[in-house]
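Let's take a walk through the empty spaces of this protein and the spot where its ligand sits. Have the sequence and the 3D view open as you read.

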Amino acid sequence: MSLIQLVGISRFYEEGAVNALDGIDLEIGPGEFVAVTGRSGSGKTTLLNLLGLLDRPTAGTYRWRGTPTEDMSERRRNRLRARSVGFVFQDSHLIPTRTVSENLELALRLAGVPRRVRRARAVAALERVGLGHRIDARPSTLSGGERQRAALARGLVHEPELLLCDEPTGNLDTSNAQRVLELLREAPPGGCAVILVTHDPGLAEQADRRIELSDGRVVADTRRLPSDGAARSDETPTGRRGRVLDFIDDVGLNVSRRPFRAFVSAFGTILAVGMFVYSVAMATTTSSRIEQVFDLLAATEVRLGAPPAFTAVREPAVEERVGRIPGVVDVGRTWEVEEKPMAAGEGPWAAPSRMVAVRAVSPGAVAFLKPDVDGDGFVEGDHAFGVPAALVGSVVAADAPVPIVPGSIIRLGGREFMVRGIVEDVQRNPDVLFQVLVPATTAERLWPDEGSAWELVVEVEVGTAETVAGLLPLAADPEQGDRLVAQTLPEAKNLRQTVTTQVDEFVVLLAGGLLVASVFGIASATMAGVLERRFEIGLRRALGMSRRSIAAMFLAETTLTGVLASLLGLVAALAIFLVVAGGRGWAPVIPLEVIVAAPIAGLGTGLVAGIVPAVHASRLEPVEALRR
Ligand code: ADP
Ligand code: MG
């Protein structure tokens, strides 16, 4: 039985305007060596594409071992091409990122040859064409003749029944061309039919049969005797698990052999994931520090407010009495005097006065409030002698019509005060930023009869707040203290919750936006890759890969790139974060969720980014992709 049989095959282009093939009848038997000649444009390439099932005829029937190929499913045609057909093109179309041997192993893989024998068969095929010494070389380091012999080895390595060669010697000098022809004559094991398209009459003469095409018709067909064949190798095809491993391997190589390209395309993702991880780690660590500060402040703060009638709470000696309670670190008295007109500047240019709140503080109260002061702060003498000195809250200073800085003179209620500093921040009683602080002694001397909101503020050791609060009223006022209640601060925990969730929401939004943007980075770089790898895609189809596999390959490439990018971003961000946190002496807190979320985000990014390139690559027509 014939291997292939064409009956009335035509291939028209442009709605019949171009008849590339015009009613071809042709039968070729197993193991025949056929040379096809004809002028340029006579339809030789079109014929080979049809024979290789890369293209479909407009009319006619093409039978493979008696079965019409038009009726075969796409899957069956792909498989037939992968197992039984080999191609050699004018350009070698070796994949540049793979070694010579890996190029052959890809063909073997797609032909279903099991992994463990692939390398040995690739090496044997390369030795047969005299490339035993270049097995692990990259194609770009081979000479033109060597490349074409490697392409020939790839076309034959899976022991096809039909080898289609489209001007394989077109780019070679005479001696290299002759070498390829000899290899073609001797190499095919097991009765492989060879169809060789050539312009060179000297080469065509050496074939068993010569067919000449002209304007899409067979104008000459001369036969000699067919060669006999040896036995073909026989292996059980690769199983499902093997195919999955092969796929992973293939995708892994595609990404890892172009590391710089992968890095650049995924840079946006690296950045997005890195920023996400860094910000979350930073936010978590910071809010845990805020929690610690809140907890610490809450755990060490006790206050005792007293109405004016409780005179004992206001006298300076109260500090000494309370200071004797075990666990007390600092005791201070503070109250608000009446609002005072404040003026800044001197002489006739003095700014018009405005009303400000004035708070009296003893040294213990200053220690309790923990103000962050720009300037010297109160000095010892201010408290001892009642020298008019003041600390101005940052809000008051900012609102003043003339600049108030440390060293300025201001007038409060008509008296001059020296500004010892500006309170930029304060750990307790934030209303201090809206007030002017004066020493308790000064307030007592200048405004003895004014005052409201009297408070004893007590800083205690951690863990003693409740006991101190219990003892405080009677220690402060031995006579009427039983009618007072000291306050501790249990509500700090609520505040901390608010702070934590607010930070996290913002970070998630930011990182999400960056990730979405980074999808375009991977997608556009991969799209460029699809265009650049057009030949490779065409070749893979010629080697029998289905459209679906091509799409899956690109999708997997972008997904792998996304995952790798996210891991890189994760590791880099954590490293930077640990250095920063370490430098500031913070105990780093890294939530487990962020370590899990990073690769998932990368996976999603890569998957979405791959959709458009994958669809595009799978839609490429192999015949178009391979045309120069
Ligand atoms: P050969 O390989 O013998 O040089 P081809 O088989 O490549 O010739 O082309 C045969 C004819 O078909 C030529 O006239 C060519 O211009 C035409 N042809 C091939 N492919 C297409 C196409 N996709 N669209 C239109 N015309 C085409
Ligand atoms: Mg051609």
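## Before we start

Keep in mind that this is a predicted model. The idea behind the tour is simple: rolling a probe the size of a water molecule over the atoms shows where empty space is left.

## The largest cavity

Let's begin with the enclosed spaces. There are three cavities of 30 Å³ or more in the structure, and the largest of them holds about 210 Å³ of space. Its lining is made up of 17 residues, and the ones closest to its centre are Arg261, Thr526, Arg533, Glu557 and Thr561.

Which elements give two or more residues to that lining? They are helix 8 (240–256), helix 9 (259–265), helix 17 (492–532) and helix 19 (547–584). Helix 17 has the largest share, with six residues. As for chemistry, the lining of the largest cavity splits into six nonpolar, six polar and five charged residues.

## Around ligand 1

Now for the ligand. Ligand 1 is surrounded by 14 residues, and Gly41, Gly43, Lys44, Thr45 and Thr46 are the closest. Two elements each supply at least two residues of this shell: strand 2 (18–28) and helix 1 (44–51). Helix 1 makes the largest contribution, three residues. Sort the shell by class and you get three nonpolar, six polar and five charged residues.

Zoom in and you'll find some polar contacts to oxygen atoms of ligand 1. Thr46 has a polar side-chain atom 2.5 Å from one such oxygen, and Thr45 has a polar side-chain atom 2.7 Å from an oxygen of the ligand. Ser42 does it through the backbone instead, with an N or O atom 3.2 Å from a ligand oxygen. On its own, ligand 1 has 570 Å² of accessible area, and the protein covers 72% of that. The space that ligand 1 takes up is the second largest pocket.

## The largest pocket

So what about the largest pocket? How much space lies in it? About 1000 Å³. A total of 24 residues line this pocket, and those closest to its centre are Arg75, Arg79, Arg243, Ser546 and Ser549.

Helix 2 (74–84), helix 3 (100–110), helix 8 and helix 19 each give two or more residues to this lining. Helix 2 gives the most, with six residues. By class, the lining of the largest pocket has 11 charged residues, along with seven nonpolar and six polar ones.

## Shared walls

Two of the helices turn up twice on this tour. Helix 8 and helix 19 are among the elements that give two or more residues to the lining of the largest cavity, and both also give two or more to the lining of the largest pocket.

Conventions
Residues numbered from 1 in each chain as written. Chains lettered and ligands numbered in written order. Predicted model: local features only at pLDDT ≥ 70, side-chain atom pairs only at ≥ 80, totals over all residues. Heavy atoms only, no water. 1 Å grid on protein atoms, 1.4 Å probe; cavity = no way out; pocket = protein on both sides within 12 Å on 5 of 7 lines; lining within 4 Å. Points joined across faces, edges and corners; volume = space filled by probe spheres on them. Helix = DSSP H or I, 4+ residues; strand = E, 2+ residues; numbered from the N terminus. Nonpolar A, V, L, I, M, F, W, Y, C, P; charged D, E, K, R; others polar. Near = heavy atom within 4 Å. Polar contact = N/O pair within 3.5 Å; in protein donor to acceptor, adjacent residues only side chain to side chain. Areas by Shrake-Rupley, 256 points an atom, 1.4 Å probe, with all protein chains shown as cover. Sits in = over half its atoms within 2 Å of the grid points.
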